[in-house]
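Dear colleague,

I am handing over the structure below, and I would be glad if you could look through it alongside the notes that follow.

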Amino acid sequence: MAHIIIDDNEMLEKAIKRFKRLVEKEGIIREFKKREYFEKPSTILNRKKKAIARKLMKKTRKGRNDY
């Protein structure tokens, strides 16, 4: 859970910026968007497999260019 402590003399805009940075750092918005709609377990598995395949492809492509 993200929370910040605001000082009496701190500007509100500055506190909001700090809060936004904290939320982004913790990945709360990303997690919310991921859970916004139900995703079947098979779809999740397929997405993960494709991500791994992309990662391997990128790694092999990068390895070939090293001379």
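To begin with one side chain, Ile16 has a relative accessible area of 40% and therefore counts as partly exposed, since that class lies between the buried and the exposed residues. Please bear in mind throughout that this is a predicted model. Ile16 is placed in helix 1, and together with Ile6 and Leu12 it makes up a nonpolar patch on the surface, for which the accessible area of the three comes to about 280 Å².

Helix 1 itself has 15 residues, which at 1.5 Å a residue should span 21 Å, and the C-alpha atoms at its ends are indeed 21 Å apart, so the expected and the modelled span agree. Glu26 also belongs to helix 1, and with a relative accessible area of 43% Glu26 is partly exposed. After helix 1 comes Gly27, which has a positive phi, near 75°.

Two contacts in space link the start of the chain with residues further along the sequence. Glu26 lies 24 residues away from Ala2 in sequence, whereas the C-alpha atoms of the two are 7.8 Å apart in space. Likewise, His3 and Phe19 are separated by 16 residues in sequence, with a C-alpha to C-alpha distance of 7.1 Å. His3 sits in the segment before helix 1, which runs over residues 12-26, and at 59% relative accessibility His3 is counted as exposed.

Turning to the charged side chains, how many salt bridges does the structure hold? There are three of them, and I take them in order of sequence.

In one of them, Arg18 meets Glu10 through their side chains, with an N to O distance of 3.1 Å. The two partners differ in how they are covered, because Glu10, at a relative accessible area of 19%, falls under the 20% limit and is buried, while Arg18, at 31%, counts as partly exposed.

Another salt bridge joins the side chains of Arg35 and Glu31, where the N to O distance is 2.3 Å; you may wish to look at that value yourself. Both residues belong to helix 2 (residues 28-35), where they are four residues apart, or about one turn of the helix. As for the reason such a spacing suits a pair of side chains, an α-helix has 3.6 residues a turn, so residues three or four places apart point the same way. Here Arg35 is exposed, having a relative accessible area of 64%, and Glu31 is partly exposed, at 30%.

The remaining salt bridge is formed by Glu39 and Arg47, whose closest N and O atoms are 3.0 Å apart. In this pair Glu39 has a relative accessible area of 26% and is partly exposed, and Arg47, at 38%, is likewise counted as partly exposed.

The last region to mention is helix 3. With 24 residues at 1.5 Å a residue, helix 3 should span 34 Å, and its end C-alpha atoms are 35 Å apart, which agrees with that expectation. Helix 3 is hardly covered, in that the count of buried residues among its 24 residues is zero. Arg61 has its place in this helix, which covers residues 41-64, and its relative accessible area of 48% makes Arg61 partly exposed. Arg61 is also a member of a positive surface patch, the other members being Lys58, Lys62 and Arg64.

With best regards

Technical notes. Residues numbered from 1 in each chain as written. Predicted model: local features only at pLDDT ≥ 70, side-chain atom pairs only at ≥ 80, totals over all residues. Heavy atoms only, no water. Patch = residues over 30% accessible without salt bridge, like charges linked within 9 Å, V, L, I, M, F, W, Y side chains within 5 Å. Areas by Shrake-Rupley, 256 points an atom, 1.4 Å probe, with all protein chains shown as cover. Salt bridge = Lys/Arg side-chain N within 4 Å of Asp/Glu carboxyl O. Lys, Arg positive; Asp, Glu negative; His and termini not counted. Charge placed at Lys NZ, Arg CZ, Asp CG, Glu CD. Helix = DSSP H or I, 4+ residues; strand = E, 2+ residues; numbered from the N terminus. Buried < 20%, exposed > 50% of the residue type's maximum accessible area, 1.4 Å probe, protein only. Expected span 1.5 Å × (residues − 1).
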